Amino acid sequence: MSFSTLVSDLTSRGSDRADVRSQYSRARSVASTAATSVSIAGDISSQLHSGYSHPLSRAWQAERQLTKSMLIYPLFISDQPDECTAIPSLPNQSRIGLNRLVPFLEPLVAKGLSSVMLFGVPLAPNAKDALGTAADDPDGPVIQAIRILRRRFRDLYICADVCLCEYTSHGHCGILRDDGSLNNEMSVDRISDVAVAYADAGAHCVAPSDMNDGRIRAIKLKLTAAGINHKVLLMSYAAKFSGCLYGPFRDAAGSCPSFGDRRCYQLPASGRGLARRAIRRDIAEGADIIMVKPAGQYLDIISDAKEIGSDLPIAAYQVSGEFAMIHAAAKAGVFDLKAMVFESTDSILRAGANIIITYFVPELLTWLES
Ligand SMILES: [Zn+2]
């Protein structure tokens, strides 16, 4: 009933037709009561728009908001000192030689880059062998890059990926038995030596991505024996799933297995329970941070990691295939690149991560400025 109809209705029914002001007052009161009754009758809990009608109140809805300090930028460090080669399957990303590293990073550090993750790429002939000897070569790309970055960028936090697949002639993430299967014990021994070498060179964080059983404990024990455990963070690729999202990375790092695949040690896409067990195990073995990889297709696992490791930071790696897909779809006009990048990082944070490793870091540093 409209206000004017209500007034005329009350007026026609009223006993004192002369007292129009009183009728108005009664009408206002009835109208106001009626409006309240309507919204209550319509279930007041359904009224949500008021909570996010302003850009700031929309931002307040987030449990975590993306900041620059949450970002880690993956870098491919070549053993060819002057190399700066674009990686065709990873738009805007390059393999970088040691001589190019500082000029490449200077503008990013100026924009607020706080952390990098280093991957070594040995390209020299005969650089690879069955034991991945080049992984901890003191003159190799990762150890040299750590030293250069520590010297040049005092505040840059340096994470070093620890694996053998870039350095082994067979491209697998450990040492193999004669039958081609992973020798877990020898692999863990080797991987933990490599981790200690990176830590010794000055890496703030070592991040084993090999998925051999027991490597977190072994690395922790060797860091302790070396007297550097107190200053080196151990980030475990605890829930790393096998799948088809790593193709561009393998182009960049030259780490494609020469035979077979990594399904025996990386997790099956459907293995949520396995991931939960691996997360629990790596926390028990001393991991300081748990990582889930890939990110966008595994938001439930990120959420599980946050629940199981509620007192640990949780990292998520938005891998090369996710990055390339977002770029390709934006190029095809499916969506706006920036909008989708923020939607993807918001999803990862919402699931429970508070650290994101992504190739979008240069763009995000610019976008977070405004
Ligand atoms: Zn590997």
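## Helix α7 and its surroundings

Gly227, just after α7, takes a positive phi of about 75 degrees. The model is predicted, and the values below are computed from it. Helix α7 covers residues 215-225. Its buried residues are Arg215, Ile216, Ala218, Ile219 and Leu223. These residues cover an arc of only 165 degrees around the axis, so they lie on the same side of α7. The elements that cover them include α6 (184-201), β6, β7 and α9 (272-284).

Another helix with a glycine after it is α4, which is followed by Gly112; the phi of Gly112 is positive, near 110 degrees. Helix α4 has 13 residues (98-110). At 1.5 Å a residue they should span 18 Å, and the end C-alpha atoms are 19 Å apart, which agrees.

## Strands β6, β7 and β8

Strand β6 (residues 205-208) pairs with β7 in the parallel sense, over 2 bridges. Cys205 has Leu233 of β7 as its bridge partner. The chain passes from β6 through α7 to β7, and this β-α-β crossover is right-handed.

Strand β7 (residues 233-240) also runs parallel to β8, to which 5 bridges join it. Tyr237 has Met291 in β8 as its bridge partner. Of the 8 residues of β7, 7 are buried, so the strand is largely enclosed by the rest of the structure.

## The annotated lysines

An unreviewed UniProt entry lists Lys240 and Lys293 under "active site". The two span 54 residues in sequence, yet their C-alpha atoms are no more than 4.8 Å apart, so they gather at one spot. Lys240 is found in β7, and Lys293 is in β8 (residues 289-293).

Lys240 counts as buried because it has 26 C-beta neighbours inside 10 Å, where 20 or more are needed. Leaving aside neighbours within four places in sequence, Lys240 is in contact with Ser209, Met211, Gln266, Leu267 and Lys293. Lys293 is buried too, with 24 other C-beta atoms within 10 Å. Not counting residues up to four places away in sequence, Lys293 touches Tyr237, Lys240, Phe241, Tyr317 and Val319. Tyr237, one of these contacts, is the residue whose bridge partner in β8 is Met291.

## The annotated arginines

For "binding site", the unreviewed UniProt entry lists Arg250 and Arg262. Arg250 has its place in helix α8 (residues 247-253), while Arg262 is found in the loop between α8 and α9.

Arg250 is partly exposed, with 16 other C-beta atoms within 10 Å. Its contacts, leaving aside neighbours within four places in sequence, are Ser255 and Cys256. Arg262 is also partly exposed, with 19 other C-beta atoms within 10 Å; a count of 20 would make a residue buried. Not counting residues up to four places away in sequence, Arg262 touches Cys173, Ser242 and Pro257.

## The chain overall

The chain has 13 helices and 10 strands. Buried residues make up 40% of its 370 residues. Of the contacts in the chain with a separation of 6 or more, 73% are between residues 24 or more positions apart.

Note on methods: Residues are numbered from 1 along each chain as its sequence is written. This is a predicted model: local features need pLDDT of at least 70, side-chain atom pairs count only at pLDDT 80 or more; totals for chains, interfaces and linings use all residues. UniProt positions are given in the numbering used here, feature names are shortened, and annotations may be inferred rather than shown by experiment. Helices (H or I, at least four residues) and strands (E, at least two) are DSSP runs, numbered from the N terminus. A residue is buried if 20 or more other C-beta atoms lie within 10 Å of its own, exposed if 12 or fewer, and partly exposed in between; C-beta atoms are placed from the backbone. Two residues are in contact if their C-beta atoms, placed from the backbone, lie within 7 Å. The expected span of a helix is 1.5 Å times one less than its number of residues. Two strands pair if DSSP finds at least two bridges between them. A crossover is right-handed if, with the strands pointing away from the viewer, the path from the first strand over the helix to the second runs clockwise. The arc is that of the directions from the helix axis to the C-beta atoms.
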